[in-house]
Amino acid sequence: MSAMKTEEDANGTSTANGGGRGGVCEEGSVTVLSPTDLSEMLAAGTKEVHEKAENTEFVKDFLKGRIRKELFKLGHVALFFTYSAMEEEIERNKEHPHFAPLYFPHELHRRDALARDLEFFYGEDWQSRIRISPATQRYVDRIRQVGRDQPALLVAHAYTRYMGDLSGGQVLRKVAQRALKLPPTGEGLSFYEFDGIHSAKAFKQLYRSRMNELELDTHTKSRVVEEANLAFQFNMEIFGELEEVGKTLQDDVLDAAPAHGEIQGDVSQCPYHAAKTAASNGSSYVCQVAMTVLKNPSGQVLLAAWIAALAGLAAWYLM
C-alpha cells in the first residue's frame with residue numbers, strides 16, 4: 001500500500017543526493033505548492049484509487065493483524081520481482097533528465113533487502129523456490145516497457161512504491177512483526193528498514209520537491225498521474241491474487257491488535273473478554289463468566305483457594 005497525502009514542511013532537510021529543492025516557494029517556514037506541481041497532481045489524481053487499494057480485503061486484514069505467514073511470504077516474492085525490475089530500469093535511466101533527480105539508490109533501493117528477507121523465510125536456496133505470479137508478471141512487464149520506451153513514466157512507479165514504503169509500510173512492519181512473531185532483531189523485515197534515511201518525513205519532502213524540479217510539460221505530468229493510477233491497479237491485482245491463494249490455505253490467522261495479555265485464538269475463551277461481555281450485556285452472562293473461569297487452569301486454582309479460605313473461615317467461626 002502507499003501513502004500519497006502531501007505532508008507539511010518537515011523540520012530540517014536532507015542532504016541526500018544534493019538535497020536540492022524545486023517547484024516550491026518558501027514563505028517564512030511555510031512551503032507553498034502549486035496545483036500544477038507534479039507532487040500535488042499525483043496526490044489529487046490518485047486519491048480515489050489509493051482509497052480503493054487501502055480497502056481491499058488483503059490490506060484491511062493485514063492492518064488488523066490477520067496475516068497468514070504464507071501470504072506474507074508470497075507478498076514478499078511479488079515485491080522482490082517488482083523491485084528487481086523497477087530498480088534495473090532506474091539504473092538504466094539514472095542519467096535521463098526526466099528521472100535523474102530522483103536517483104537515490106543508497107536511500108531507497110529495496111531489492112537486496114527483499115533478498116535477505118526471502119533467505120530468512122525460504123532458506124539459502126530461496127531463489128530456486130520462488131516463482132513470479134501472473135499478476136506480478138503483468139506489473140513487471142509494464143515497468144520494463146516504461147523504462148525502455150517512456151522513462152518519464154518511471155517516476156510514477158518509483159513514487160507510488162517508495163513513498164508508500166516510507167509511509168504506510170512502516171505501520172505494516174509493526175503489524176507483521178507482532179502477528180508473525182518475527183525476531184525483534186529484524187529478520188524477515190529488512191524490506192521496511194531504510195538505514196540510509198534519518199528522517200522519513202524530511203526525505204519524502206525532498207523527494208517531492210525533486211519531482212517538482214523535473215522539466216515536464218503539462219501533458220507529460222498528466223500521463224505520469226495516469227501511470228500512477230495504473231501502478232495502484234497492478235498492486236490491487238496482486239492483492240486480489242493473494243486473497244484467492246488465501247482461500248486455499250489452512251486458517252492460521254493471528255490477531256496483532258493490542259489485545260489483552262497477548263491472548264491468541266478464540267477471544268471468547270479469555271476470562272477478561274467474558275467479564276467485559278457480562279458487564280456490558282447484563283446478568284445473563286454470569287454463567288458464561290463462571291464456566292470460562294472454570295475452564296481456565298489459573299481460574300481453577302483461584303476457585304480452590306477461595307473455597308479453602310471459606311472453609312477456614314467457617315472452621316474459625318464454629319470453634
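Is Asn93 buried or exposed? Keep that question in mind while the whole chain is on screen, and return to it near the end of the tour.

**The whole model**

What you have open is a predicted model, in which local features need pLDDT of at least 70 and side-chain atom pairs count only at pLDDT 80 or more, while totals for chains, interfaces and linings use all residues. Residues are numbered from 1 along each chain as its sequence is written, and side-chain values use heavy atoms, with hydrogens and water left out.

Colour by secondary structure, and the protein shows 15 helices and two strands, these being DSSP runs numbered from the N terminus (H or I of at least four residues for helices, E of at least two for strands). Of the 319 residues in the protein, 44% are buried, where buried means under 20% relative accessible area, exposed over 50% and partly exposed in between, with a 1.4 Å probe and protein chains only. Taking contacts between residues at least 6 apart in sequence, 81% join residues at least 24 apart, a contact being heavy atoms within 4.5 Å.

**Helix H4 beside helix H8**

Select residues 69-92, which form H4, together with residues 134-149, which form H8; the two pack at an angle of about 5 degrees, with their axes 9 Å apart. Axes here are lines fitted to C-alpha atoms, for helices over the stretch in contact, and angles run from 0 to 180 degrees between N-to-C directions. H4 and H8 are therefore roughly parallel to each other, since angles under 35 degrees count as roughly parallel, over 145 as roughly antiparallel, 65 to 115 as roughly perpendicular and the rest as oblique. On the H4 side, show among others Ala78, Phe81 and Met86, and on the H8 side Tyr139, Val140 and Ile143, including these in your view of the contact.

**Helix H4 beside helix H12**

Keep H4 and add residues 218-246, helix H12, whose axis comes within 10 Å of that of H4 and crosses it at roughly 150 degrees. That makes H4 roughly antiparallel to H12. The contact is built from Leu71, Leu74, Gly75 and Ala78 of H4, with Ile238, Leu242, Val245 and Gly246 of H12 on the other side.

Now centre on Leu71, which belongs to helix H4 and is buried, with a relative accessible area of 8%. Beyond its neighbours within four places in sequence, Leu71 is in contact with Phe58, Leu242, Val245, Gly246 and Leu249. For a view across the chain, pick the C-alpha atoms of Leu71 and Phe239, which are 168 residues apart along the chain and separated by 9.9 Å.

**Back to Asn93**

Move on to the loop between H4 and helix H5 (105-108), where Asn93 has its place. Asn93 counts as buried, at 6% relative accessibility. Leaving out residues up to four places away in sequence, Asn93 touches Phe99, Ala100, Gly147, Pro151 and Leu154.

**Two last stops**

Select Lys181 in the loop between helix H10 (168-179) and H11, where the side of the story is the opposite one, as Lys181 is exposed, with a relative accessible area of 51%. Its phi is near 55 degrees, a positive value in a residue other than glycine.

Finish in helix H11 (residues 200-213), which holds Ser209; Ser209 is buried, with a relative accessible area of 2%. A polar atom of the Ser209 side chain lies 2.7 Å from the backbone oxygen of Leu206.

Notes:
Polar contact = N/O pair within 3.5 Å; in protein donor to acceptor, adjacent residues only side chain to side chain.
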